[in-house]
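I opened this notebook page to record what I looked up on strand pairing and on cysteines. The entries follow in the order of the checks.

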Amino acid sequence: MQQHILVPTDGSEHSLKAAAYAGELARAFNARVSLLSVLDGQAVVAAVWGSVDAAEQSAQSGKSREDCEADVLSESFPETIAALGALESKPETAHAWGHPASEICDYAKDNDVDQIFMGSHGRTGIRAALLGSVSHGVVNRAHCTVTIVR
C-alpha cells in the first residue's frame, strides 16, 4: 500500500505528467505526497541566465545565488501542485542542492517514501550518455518503487 509518494519536479512537461499520474494514485490510496525540487549549479544557470556567462549576468542583474534558487523554486511548485489535482491534504514541498539523482534517492530513503513518480526527458544514445539521466540514476539507486512517466 502506498502511504507516501514523492514527485521530484523541475516544472517540465514531463514532471507535470508524472505529477498528474501520482495525484491519481494518491487519491486512490489516500497517500501523502511530497514534492522535491533539486537544484544544482547548471539548473540555476540554465533557468535564470540561459546561455549567458553566469558571472557576467550576475554582475549585470545583481541577483545572488539565493535569489536565483528562489526564482527556480517559485516556478516549479505551483504548476506541479496544480497537476496533482485535488488531494486530501496539501502536498509537502522541499528542495535540495546537489546531484539530482542522489538527492532524490536520499530524500526518499530519509522520509520513508513508498513510491517515486518522475518524468523522463527521453534522451537516448550519446545525448543521454553525455548529459546523464536522472531517471536512470534514481531507478538504479532508489530503495523503493520508481515509476517513470513520459
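Entry 1. Before reading the sheet, I fixed the term: two strands pair if DSSP finds at least two bridges between them. The model is predicted, and I read each entry with that in mind.

Entry 2. I looked up the partners of strand β2, residues 32–39. Strand β3, residues 92–97, runs parallel to β2 and is joined to it by 6 bridges. Within this pairing I noted L39 of β2 opposite W97 in β3.

Entry 3. I then turned to strand β1, residues 4–8, which pairs with β2 in the parallel sense over 5 bridges. Here L6 stands opposite S34 in β2. I traced the connection as well: from β1 the chain passes through helix α1, residues 13–29, to reach β2, and this β-α-β crossover is right-handed.

Entry 4. Is β2 mostly covered or mostly open? I found 7 of its 8 residues buried, so I entered the strand as mostly covered, buried being under 20% relative accessible area.

Entry 5. I next searched for disulfides. A disulfide is a covalent bond between the sulfur atoms of two cysteines. The count came to 0. C105 is in no disulfide, and its nearest cysteine sulfur, that of C144, is 7.8 Å away.

Entry 6. Why does C144 form no bond with C105? The closest cysteine sulfur to that of C144 is the one in C105, and because the separation is 7.8 Å, it is too far for a bond. I also checked exposure: C105 counts as buried because its relative accessibility is 5%, and C144 counts as buried at 17%.

Methods. Residues numbered from 1 in each chain as written. Predicted model: local features only at pLDDT ≥ 70, side-chain atom pairs only at ≥ 80, totals over all residues. Heavy atoms only, no water. Buried < 20%, exposed > 50% of the residue type's maximum accessible area, 1.4 Å probe, protein only. Helix = DSSP H or I, 4+ residues; strand = E, 2+ residues; numbered from the N terminus. Right-handed = clockwise from strand over helix to strand, strands pointing away. Disulfide = S-S within 2.5 Å.
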